[in-house]
Structures are given as structure tokens and as C-alpha cells.
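Reader: I'm in my first year and I get lost when I try to take in a whole protein at once. Please pick one part of this one, look at it closely, and then show me how it fits with the rest.

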Amino acid sequence: MPKLSVLLPALGGLETVRTALDRWQSQASASGLELIVLCPDGVDTADGLRVVDTRGLLLHEARARGIRESTAEYVFLAEYHCLPDEGWAAAILPRLDEGWDAIGSRLAAGVTTDAACALPARTLA
């Protein structure tokens, strides 16, 4: 069982989070993190992605579904525009065993265009 699940919302479709997805996938493969993509699209998971169907859900509902579907003891709520530095997981994972109430680490600014903000109309209501 992984120690930490990272939930990456892709409510505008998988391609809207490609940069963040690539960075989180490198963290997951290096450390055994569970990466869960919250996506309304029918996505081919042959590349090892764990995708939770969020069709028709608002962001908070999609995250709640992702948390229920995660298998790790801890959950990190990621965003498409916040990218982990190299070694992020190596810095965070040992801290989980130290008894802190909350932990965090520096994240780099990622995508800053409006293209990644294209969400289904229901999410904007």
C-alpha cells in the first residue's frame, strides 16, 4: 500500500494537465506514490494512470470521490498549476512518520494560461 496518494484534477480533460501529470508521474515512479487523476474523459489507462471518472461532478465532489478511491494512508490535493520540485516525494514521505498534524513543501508555478482553466459549464455555475 502506498503511503501517499496525490489527486490531480483534470476536469477539463487529460490534456489540460499534461505538464503537471508528467511531473507527478516522475515523482510517483521514483517513490511509490499513488497518482490518481480525476478526469471526466474516458481515458486509456494503458500507460499506468489510475483514473477516477468525475463526469458530471464539481471539483469538491471529484476530490471527495478521489479520496474515497485512494488506497494510501495520506492524501495530497494537487493542482494543475503547481508542480513538484525534483525530490518532492523524497522530502515529504519521511515527514509523514514524524507525527506532524500537517506538512507541505514548495511547489513551482506551472501552467499559467487560461487554456487549462476550461471547465464544463456546470462547474462555473
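Author: Let's start with some vocabulary: a residue is called exposed when its relative accessible area is over 50%, buried when that value is under 20%, and partly exposed in between. Try that on Glu86, which sits in the loop between β5 and α3. Its relative accessibility is 82%, so Glu86 counts as exposed. Keep in mind that what you're looking at is a predicted model.

The part I'd pick is helix α2, but let's get the big picture before zooming in. Buried residues make up 37% of the chain's 125 residues. The chain has four helices and six strands, and if you read along the sequence they come in the pattern β-α-β-β-α-β-β-α-β-α. Contacts also link distant stretches of sequence: of those with a separation of 6 or more, 69% are between residues 24 or more positions apart. As for the outside, the chain exposes about 7,000 Å², and carbon and sulfur atoms supply 53% of that.

Next, the sheet. Four strands form an open sheet in the order β3-β2-β1-β4, with parallel pairing. At the edges stand β3 (50-53) and β4 (74-77); each has a single partner strand, so one side of each is left without a neighbour in the sheet. From one strand to the next, the twist averages 30°. If you're wondering what holds neighbours like these together, strands of a sheet pair through backbone hydrogen bonds, either parallel or antiparallel. Take β2 (residues 34-39) as an example: four bridges join β2 to β3, and Leu38 has Val52 in β3 as its bridge partner.

Now for our close-up. Which residues of α2 are buried? They are Ala62, Arg63 and Gly66. Looking down the axis of α2, you'd find these buried residues within an arc of 100°, so they line one face of the helix. There's a handy rule behind this kind of pattern: an α-helix has 3.6 residues a turn, so residues three or four places apart point the same way. The buried residues of α2 pack against β1, β2 and β4. Now turn to the face that points away from the buried side, and you'll meet the exposed residues His60 and Arg68.

Let's stop at Arg63, which belongs to α2. Is Arg63 buried or exposed? Its relative accessible area is 18%, and because buried means under 20%, Arg63 counts as buried. Leaving out residues up to four places away in sequence, Arg63 touches Leu7, Pro9, Leu38, Leu77, Ala78 and Glu79. You've met one of these already: Leu38 is the residue whose bridge partner in β3 is Val52.

Slide along to Glu69, also in helix α2 (residues 59-69). With 40% relative accessibility, Glu69 counts as partly exposed. Beyond its neighbours within four places in sequence, Glu69 is in contact with Ile36, Arg50 and Val52. Glu69 also shows you how folding brings distant sequence positions together: Glu69 and Ser5 are 64 residues apart in sequence, yet their C-alpha atoms are 9.8 Å apart in space.

To see how another helix handles the sheet, look at α3. Its buried residues are Trp88, Ala89, Ile92, Leu93 and Leu96. Seen down the axis of α3, they fall within an arc of 100°, so they line one face of that helix. Among the elements covering them are β1, α1, β4, β5 (82-84) and β6 (107-109).

Since α1 is part of that cover, let's visit Gln27, found in helix α1 (residues 18-31). Gln27 has 7% relative accessibility, so it counts as buried. Setting aside residues up to four places away in sequence, its contacts include Trp88 and Ala89, and also Glu86. That brings us back to where we began: the exposed Glu86 is touched by the buried Gln27. In the other direction, Glu86 and Leu107 are 21 residues apart along the chain, with 9.8 Å between their C-alpha atoms.

One last thing to check is the cysteines. Cys39 is buried, at 0% relative accessible area, whereas Cys82 is partly exposed, at 23%. How many disulfides does a search of the whole structure find? Zero.

Methods. Residues are numbered from 1 along each chain as its sequence is written. This is a predicted model: local features need pLDDT of at least 70, side-chain atom pairs count only at pLDDT 80 or more; totals for chains, interfaces and linings use all residues. Side-chain values use heavy atoms; hydrogens and water are left out. Helices (H or I, at least four residues) and strands (E, at least two) are DSSP runs, numbered from the N terminus. Buried means under 20% relative accessible area, exposed over 50%, partly exposed in between (1.4 Å probe, protein chains only). Contact means heavy atoms within 4.5 Å. A disulfide is a pair of cysteine sulfur atoms within 2.5 Å. Two strands pair if DSSP finds at least two bridges between them. Axes are lines fitted to C-alpha atoms, for helices over the stretch in contact, and angles run from 0 to 180 degrees between N-to-C directions. Accessible areas come from the Shrake-Rupley method with a 1.4 Å probe; for residues, only the protein chains shown count as cover. The arc is that of the directions from the helix axis to the C-beta atoms.
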